[in-house]
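Open the model in your viewer and keep the selection panel at hand. The stops below are meant to be followed in order.

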There are 2 protein chains.
Amino acid sequence: MIEAQKKLVEKGIHLSQQRIAIMDYLLKHKTHPTAEDIYRDLSPSMPSLSRTTVYNTLKLFSDHEAVLVLNIDDRNARFDGYTHHHAHFMCSNCEQLYDVPIPDHQVAIARANPGLDGFRVRSVQIDYHGLCPRCCAEEVTLK
Amino acid sequence: MIEAQKKLVEKGIHLSQQRIAIMDYLLKHKTHPTAEDIYRDLSPSMPSLSRTTVYNTLKLFSDHEAVLVLNIDDRNARFDGYTHHHAHFMCSNCEQLYDVPIPDHQVAIARANPGLDGFRVRSVQIDYHGLCPRCCAEEVTLK
DNA sequence: GTGCTTGCAAATCGTTTGCAATAGC
DNA sequence: GCTATTGCAAACGATTTGCAAGCAC
């Protein structure tokens, strides 16, 4: 059993077939899939799987901080099984979502912002919007 | 006419009663309102105003970068007429949204991230989640 | 009068909920 | 058997779309 799964079991979460499949999917696909992506891709090999279960499971995982929920895309929630801190870049033209590494010290600085005195910070999300290299090359004009 | 309005006119945007009212609302209410908030609050004094117009106008403004669209709240889009760079903190308990000042140099650092080589960055959004001071004081446990 | 703007109603679509069937201890 | 989990269908709610009426130059 892999580490991410152990963590869930420790928290008393039963690992059903469906939950294992969804966690596996998230760990193998670093594509920031939507709930629908996961449902579509897992359905063929798990015909009984329902959207409801996908949604329930993703909510369960995110409540236990086993996955990140990204709000960078205003149309659907995106899920990320890679929980180490990093930023995201969304291309305004092709809508592709990219990982952007963030130096640890920069996260530390962001968390230590004096403007946050009195707040208890649980997570910091850094989202970039703009044009990705491919769309830049095609000289696409920003919408 | 105020500066924000001048900018819109320069871009060839006609300033209708509705658009002026919505821009005014955004400049006066630093509460990160949703489209529905704006509609509800303006309706009494503009009975003919429709939700569609509120949505259309907010889209028009954000396309012209006259307002910021915040994705920090996964339920609805929040709008911010204060376009100078700053971060946002959303309380996981009371769901209140706070402005967090961000030193200019920190934004500069975020934009200069070497991981962004080749990308053309249009905007950076920094979102915090956690407990706000009031909810900390009430010793609320994080969901 | 031509084109932009508005606003109603209906459609869309991601997500949630109610609830009955099922599985695991 | 009891509780947690699943999955269908329906509901929900924010946002978008089609389109006809109104307004501005």
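Start by selecting chain A and chain B, which bury about 3,200 Å² between them, 55% of it on carbon and sulfur atoms. Buried area here is the accessible area (1.4 Å probe) that two parts lose on being put together, summed over both. On the chain A side, A:Phe119, A:Arg120 and A:Arg122 lose the most area to chain B, and together they make up 20% of what that side buries.

Some notes before going further: this is a predicted model, in which local features need pLDDT of at least 70 and side-chain atom pairs count only at pLDDT 80 or more, while totals for chains, interfaces and linings use all residues, and side-chain values use heavy atoms, with hydrogens and water left out. Residues are numbered from 1 along each chain as its sequence is written, and chains are lettered from A and ligands numbered from 1 in the order in which they are written.

**Stop 1: between the chains**

Stay with chain A and chain B. Contact (heavy atoms within 4.5 Å) joins 37 residues of chain A to 38 residues of chain B. How many salt bridges cross the interface of chain A and chain B? The rule finds 0, a salt bridge being a side-chain nitrogen of Lys or Arg within 4 Å of a carboxyl oxygen of Asp or Glu. Between chain A and chain B there are 12 residue pairs in polar contact, both residues at pLDDT 80 or more. A polar contact is a pair of N or O atoms within 3.5 Å; within protein, one must be able to donate a hydrogen and the other to accept it, and residues adjacent in sequence count only if both atoms are side-chain atoms.

Now colour chain A by element. The side that touches chain B draws two or more residues from each of β4 (97–100), α5 (104–111), β5 (120–131) and α6 (133–137) of chain A. Helices (H or I, at least four residues) and strands (E, at least two) are DSSP runs, numbered from the N terminus. β5(A) gives the most to this side, with 12 residues. By class, the side of chain A that touches chain B has 20 nonpolar, 10 polar and 7 charged residues. In this scheme Ala, Val, Leu, Ile, Met, Phe, Trp, Tyr, Cys and Pro count as nonpolar, Asp, Glu, Lys and Arg as charged, and the others, Gly among them, as polar.

**Stop 2: the two domains of chain A**

Hide chain B and select residues 1–83 of chain A as domain 1, then 84–143 as domain 2. These bounds come from an automatic or database domain assignment. The domain centres, taken over C-alpha atoms, are 22 Å apart. In the contact, 13 residues belong to domain 1 of chain A and 15 residues to domain 2 of chain A.

The two domains of chain A bury about 1,100 Å² between them, 54% of it on carbon and sulfur atoms. In domain 1, select A:His32, A:Ile72 and A:Tyr82: they lose the most area to domain 2, together 48% of what that side buries.

How many salt bridges are counted between domain 1 and domain 2 of chain A? There are 2 salt bridges. For a salt bridge to display, pick A:Arg122 and A:Glu65, whose side chains meet at 3.1 Å, N to O.

**Stop 3: DNA strand D**

Bring chain B back and show DNA strand D. Which residues come nearest to this strand? Of the 14 residues around DNA strand D, they are A:Ser16, A:Arg19, A:Ser48, A:Ser50 and B:Tyr55; near means that a heavy atom of the residue lies within 4 Å of the strand.

Zoom in on A:Arg19, where a polar side-chain atom lies 2.8 Å from a phosphate oxygen of DNA strand D. B:Tyr55 has a polar side-chain atom 2.7 Å from a phosphate oxygen of DNA strand D. A:Thr52 has a polar side-chain atom 3.0 Å from a base nitrogen of DNA strand D.

**Stop 4: DNA strand C**

Last, show DNA strand C. Among the 15 residues around it, A:Tyr55, B:Ser16, B:Arg19, B:Ser48 and B:Ser50 come nearest. Label B:Ser16, with a polar side-chain atom 2.4 Å from a phosphate oxygen of DNA strand C. For B:Ser48, an N or O atom in the side chain is 2.6 Å from a phosphate oxygen of DNA strand C.
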